[in-house]
Amino acid sequence: MKTKTKRGATDLLGRVLLLATENGQAVHVHEIPPREARSGQPSRPLLPAMRETLDRMGIGALYTHQVRAVDMIREGKDVVIVTGTASGKTLCYNIPVLESIAAHPETRALYLFPTKALAQDQLRTLRRFQRPDEEAGSPDPGEEEAAGPFAFHAGTYDGDTPPALRTQLRERASILLTNPDMLHSGILPNHARWAEFFGRLAYIVADEIHVYRGIFGSHTANVLRRLLRIAEHYGARPQLVFASATIANPGELAERLSGRAFATIEEDGSPRGRKHFVFWNPPRIDRAGLERRSSNLEAREIFVSLLRAGFQAIGFVRARLLTEVLLRYCQEELRRDGGGLAKKIRAYRGGYLPEERRAIERALFDGELRGVISTNALELGIDVGSLDAAVLVGFPGTIASTWQQAGRAGRREDESVAVLVGHNLPIDQYLMRHPAYFFERSPEHAVIDPQNPHILLSHLRCATYELPLRRQEETTWGEYAPAILDLLAEHGEVKEVKGRWFHAKEGYPAANVSLRNAAENVYTIVETGRPDGNKVIGTIDEPSAFPQVHPQAIYMHDAETYLVDRLDTTEKVAYIHRADVDYYTQAMSDSHIEVVRTELEKHLLASEVGFGDSNVHSKVCMFKKIKFGSRDSIGYGNLELPSQTLETMALWIAPSLDALTKVTRYGRVPAEGLWGIANVLPDVVSLFAMCDPMDVGTVVDSKNVGVPAVFLYDKYPGGLGFAQKAYHMIEEVLGAALDLIHACPCEDGCPSCVGAPLPPHMQQDPDVMGKGRIPDKEAALVLLHALLGRPDYVPRAPVSEARLARVEAEQAKIERKHAAAAKEETLPPRIVTPLPSDLAARLRRRLSGVSRGG
């Protein structure tokens with residue numbers, strides 16, 4: 001049982017602000033006032049056993065949102081619950097589900113979570129209804145039992161579940177906890193084995209639905225439609241209960257995920273302790289004011305000070321390596337005190353083995369750990385107890401994620417502090433200067449498109465395999481479903497017999513469909529040279545393996561340093577040995593885009609627009625050694641690793657040379673304008689293509705079409721139609737980009753318009769000038785006016801001397817392009833006879849199949 005003395009946010013805030021007195025790092029303190037609990041009683045009293053169990057768990061009256069949820073679920077309504085972190089959303093569905101099972105033991109419920117860890121955490125919560133006097137973290141999440149006040153069987157069904165336990169769960173589980181991936185590939189294709197479970201299925205609970213956005217959300221929506229179809233086949237119509245963190249459109253997302261209408265519960269009745277949110281900007285360390293002290297070192301000072309004062313804290317970083325670096329910094333500092341406090345802080349990230357992550361979760365919940373440094377893996381609702389402070393190292397990327405991470409501290413009535421430590425990046429520095437931008441904006445929308453033809457094709461194949469699809473069902477899958485079924489029939493994938501579509505090929509198609517935009521290859525990390533023999537200490541996906549466990553890399557695990565001896569790309573194994581070194585390594589990549597085949601092209605006023613097959617190449621070519629603490633570079637090394645290629649579809653916009661020259665006439669750099677347009681395009685395209693901004697990528701490149709161009713590509717093998725849709729709506733897309741940038745009140749660019757930072761692999765192109773800062777908003781506006789045929793835009797912001805110095809070089813490049821273009825104009829025109837459309841389509845599909853491995 002955890003015991004901890006609370007001293008409140010006043011002491012906590014005072015300690016944080018005391019650290020900032022010398023250099024004024026605390027640039028803004030925002031107070032979120034406390035909130036009293038509002039409680040009530042359900043319209044029908046709880047079962048005596050439920051009331052007794054809740055009392056023994058220390059849960060008194062229910063909060064108003066819990067009461068409303070229980071009443072509405074009891075009435076049979078489909079409900080989505082959207083309340084804050086630690087507001088008791090789990091009780092909203094556990095109470096009516098468990099009461100239903102108590103009254104009708106044959107009742108079955110399916111709980112769906114986006115990760116295995118969440119499912120296991122929620123199973124521990126369910127165990128408390130069987131053993132209410134024990135802490136939630138005590139039972140083994142792999143056990144399956146029926147005991148206590150509520151006699152029900154429950155268990156997690158995922159890739160880690162042993163075969164024998166899988167059979168027991170299939171036959172006996174009242175509540176089955178799983179994830180969309182296992183449901184898609186393991187349960188639905190084998191639904192005949194689950195006939196009894198599906199026939200009794202009364203509830204489908206999906207928690208953390210804000211995670212189901214973009215490609216993953218669009219896939220999951222189709223998995224849910226397949227699930228509901230299977231349930232109906234066995235005579236069930238389960239009730240849907242969804243829960244989400246705060247997003248702008250919870251009801252809309254729930255409806256698009258399931259195809260049903262929902263009642264939304266958003267009024268939060270839970271108490272909230274006072275929270276202070278501190279924006280912390282590392283001090284400048286050079287005369288020019290361009291460099292700031294390491295945000296990791298700043299976070300170390302805050303974190304260590306809190307732990308020394310007896311507070312419990314969680315730190316969030318944006319990369320796996322940084323969890324280990326910050327952990328090492330903190331442990332080194334705490335070891336100077338003696339007393340063993342250094343052992344009470346751990347890292348938590350993907351790549352740790354499941355049993356290690358579970359042990360860390362339990363130790364944090366029980367109070368054995370005083371601190372944990374995590375990636376966003378702990379951002380979701382895993383119960384880690386009541387923490388005092390959250391330290392966010394760098395802006396997490398979205399407002400919703402920032403509030404989620406900050407909300408991991410100060411659960412319920414406890415007072416707390418959240419500290420956002422800014423990186424020396426454009427968006428972080430903008431927030432440090434304009435905190436109102438963050439505190440006055442609502443969280444983002446979650447966007448999905450279940451009817452995306454590329455995604456729908458995969459799931460119609462899966463659906464016909466699971467059950468013949470009746471003609472009457474076609475349109476329930478969307479307007480493109482009939483045409484897609486015809487296309488599948490042409491290729492022998494399905495066949496129609498008396499108005500029903502049957503799967504017509506061997507094997508089951510779900511095995512070839514990944515729900516997430518992630519690599520299938522996973523590397524095992526093996527420590528060698530141990531007295532007890534080689535040991536697996538972690539795993540890593542292939543895209544991360546090349547930059548993190550290449551030969552001579554320093555791999556970090558639990559703050560210990562290991563040297564990578566060999567990376568076996570055939571067996572997918574990295575061999576490492578423990579090495580006591582005072583540096584870590586950072587890989588350096590080179591990325592570029594290659595147009596493989598142009599399928600569509602058109603002239604748009606002052607630009608040429610194209611679309612076609614493209615390859616995005618990324619190669620880890622070098623690494624540098626960075627000394628701990630000082631961050632000094634102490635050496636470089638060359639690498640010979642295979643290039644990683646994303647075969648996808650891309651749109652490109654190549655401004656005319658006249659349009660580029662127009663930008664230089666105003667003393668601006670065209671490349672910066674292109675970069676600004678590239679930054680804003682993912683947000684704009686998401687509105688037209690119904691995707692998440694993270695589903696598309698952009699790059700500025702001049703190697704493919706003769707002049708600098710903006711490329712927008714689908715970040716998914718083979719493409720998913722986002723770039724193609726943008727091609728057909730390019731004038732509307734560019735118009736929306738112009739409106740967005742022009743409407744922003746900033747003078748020379750900010751994160752709201754042209755300043756969103758590019759992902760690292762998009763910052764390697766030498767054509768992009770001004771890396772590491774916000775691009776020139778005025779150059780982007782001049783260029784967009786030219787591309788859209790609008791009257792010239794006259795820049796209002798003065799030109800900096802630094803930008804003027806680059807204009808001459810940029811103008812010289814453009815003049816060289818002019819000369820090259822003039823030579824090209826003397827060439828004789830090509831005469832191309834168009835192929836018949838049906839033949840061209842078949843050839844493209846055939847070529848696509850060859851280039852993408854069938």
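In this predicted model, Asn 222 is buried, with a relative accessible area of 1%, a value that falls under the 20% that marks a buried residue. Asn 222 belongs to helix H9, which comprises residues 214–233. When the neighbours of Asn 222 within four places in sequence are left aside, the residues in contact with Asn 222 are Pro 450, Ile 455, Leu 456, His 459 and Trp 477.

Burial is also a feature of helix H15, which spans residues 426–433. Seven of its eight residues are buried, and H15 is therefore largely enclosed by the rest of the structure. The buried residues of H15 are Pro 426, Ile 427, Asp 428, Gln 429, Tyr 430, Leu 431 and Met 432. As for what surrounds them, these buried residues pack against three strands, namely S1 (26–32), S11 (275–280) and S16 (416–421), and also against helix H16 (435–439).

Strand pairing was examined around strand S24, which covers residues 573–578. On the one hand, S24 runs parallel to strand S20 (residues 522–527), to which it is joined by four bridges; on the other hand, S24 runs antiparallel to strand S23 (residues 560–568), and six bridges join these two strands. Ala 574 of S24 takes part in both pairings, since it is the bridge partner of Ile 525 and also the bridge partner of Leu 567. Strands S23 and S24 form a hairpin with four residues between the strands, and in this hairpin Lys 572 takes a positive phi near 60 degrees.

Definitions and conventions:
Residues are numbered from 1 along each chain as its sequence is written. This is a predicted model: local features need pLDDT of at least 70, side-chain atom pairs count only at pLDDT 80 or more; totals for chains, interfaces and linings use all residues. Side-chain values use heavy atoms; hydrogens and water are left out. Buried means under 20% relative accessible area, exposed over 50%, partly exposed in between (1.4 Å probe, protein chains only). Contact means heavy atoms within 4.5 Å. Two strands pair if DSSP finds at least two bridges between them.
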